[in-house]
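User: I would like to go through a structure and ask why certain terms are used for it. Please set each value against its cut-off.

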Amino acid sequence: YNHEIKPTGRWVPVKSYSKMGMDGYFSDMGYEGNGGDGFVPTLTAGQYAYAVKGTGDSMYPVVRSGWFLVCDPDAEPQVTEFVEVQLKDGRRTIKEYIGVIGNVLHVLAVNGSERITFDMQDVERIVPVVEIIPPSRHRHDIPMMKYKKN
């Protein structure tokens, strides 16, 4: 009886799904870190990380429909890597980060088809994507394991 139950590894909540449609924007589903749409494992993400589920084919072939992007607000955006751009009007989108030049955010569509700019006064946050997780790793509940107490 000398056991305790702990999560198997580190898990982040799925907070949004990106309806990758005509305009490429999506909205937060409103789950405040409670895994409203389950959880995916992470190896590196910080404590405030969350996942976005890609749906549709606008990011193909880089990200396939049904895969998860782990976003970490504590990470720094890196040129040529993906970021979630959160706009003050509530829209969100996943893009390739180029940089901020003269108070203008420059990004590329994930599939490389177009270059887009946003005035920084319209940008709420730029959140780096730190991992891409396949759908087979998604769980509705965090898997738990019995551990022997020391």
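Analyst: The questions below take up confidence, burial, salt bridges, contacts and backbone angles in this predicted model.

User: What makes some parts of the model more trustworthy than others?

Analyst: The score to look at is pLDDT, the predictor's confidence in each residue, from 0 to 100. The protein averages 84, and 82% of the residues score at least 70. Confidence is lowest in strand β1 (residues 3–7), with a mean of 69, and highest in strand β10 (residues 123–133), with 96. Where pLDDT is low, the predicted coordinates should not be read in detail.

User: Why is the pair of Arg92 and Glu84 called a salt bridge?

Analyst: The cut-off is 4 Å between a side-chain nitrogen of Lys or Arg and a carboxyl oxygen of Asp or Glu. In Arg92 and Glu84 the closest N and O atoms are 3.1 Å apart, so the pair is within the limit of 4 Å. Side chains of opposite charge can pair when their charged atoms come close.

User: How many salt bridges does the structure hold?

Analyst: It holds two. The side chains of Arg91 and Asp89 also meet in one, at 2.9 Å from N to O. That value too is within 4 Å, so the term applies.

User: How do you know whether the partners in these pairs are buried or exposed?

Analyst: Buried means under 20% relative accessible area, exposed means over 50%, and partly exposed is in between. Arg92 has 11%, so Arg92 is buried. Glu84 has 0%, so Glu84 is buried as well. In the other pair, Arg91 has 33% and is therefore partly exposed, while Asp89 has 52% and is therefore exposed.

User: Why is Gly38 called buried?

Analyst: Its relative accessible area is 2%, which is under 20%, so Gly38 counts as buried. Gly38 lies in the loop between β2 (10–19) and β3 (39–42). Leaving aside neighbours within four places in sequence, Gly38 is in contact with Val12, Pro13, Val14, His138, Arg139 and His140. The C-alpha atoms of Gly38 and His138 are separated by 6.9 Å, although the two residues are 100 places apart along the chain.

User: Why does His106 count as buried?

Analyst: At 15% relative accessibility, His106 is under the 20% limit, so the word fits. His106 is found in strand β8 (residues 104–109). Beyond four places in sequence, the residues that His106 touches include Glu96, Tyr97, Arg115 and Thr117.

User: What makes the phi angles of Thr80 and Asn103 worth a remark?

Analyst: Phi of Thr80 is near 75 degrees, a positive value in a residue other than glycine. Phi of Asn103 is near 65 degrees, again positive in a residue that is not glycine. Thr80 lies in the loop between β5 (68–71) and β6 (82–87), and Asn103 in the loop between β7 (92–101) and β8.

User: Why is Thr80 called exposed, but Asn103 partly exposed?

Analyst: Thr80 has 53%, which is over 50%, so Thr80 is exposed. Asn103 has 49%, which is not over 50% and not under 20%, so Asn103 is partly exposed.

User: Why can Met144 belong to a nonpolar surface patch?

Analyst: A patch residue needs over 30% relative accessible area. Met144 has 48%, so Met144 passes that cut-off and is called partly exposed. Ile5, Ile142 and Met144 make a patch of about 280 Å². Met144 lies in strand β11 (residues 144–148).

Notes
Residues numbered from 1 in each chain as written. Predicted model: local features only at pLDDT ≥ 70, side-chain atom pairs only at ≥ 80, totals over all residues. Heavy atoms only, no water. Patch = residues over 30% accessible without salt bridge, like charges linked within 9 Å, V, L, I, M, F, W, Y side chains within 5 Å. Areas by Shrake-Rupley, 256 points an atom, 1.4 Å probe, with all protein chains shown as cover. Helix = DSSP H or I, 4+ residues; strand = E, 2+ residues; numbered from the N terminus. Buried < 20%, exposed > 50% of the residue type's maximum accessible area, 1.4 Å probe, protein only. Contact = heavy atoms within 4.5 Å.
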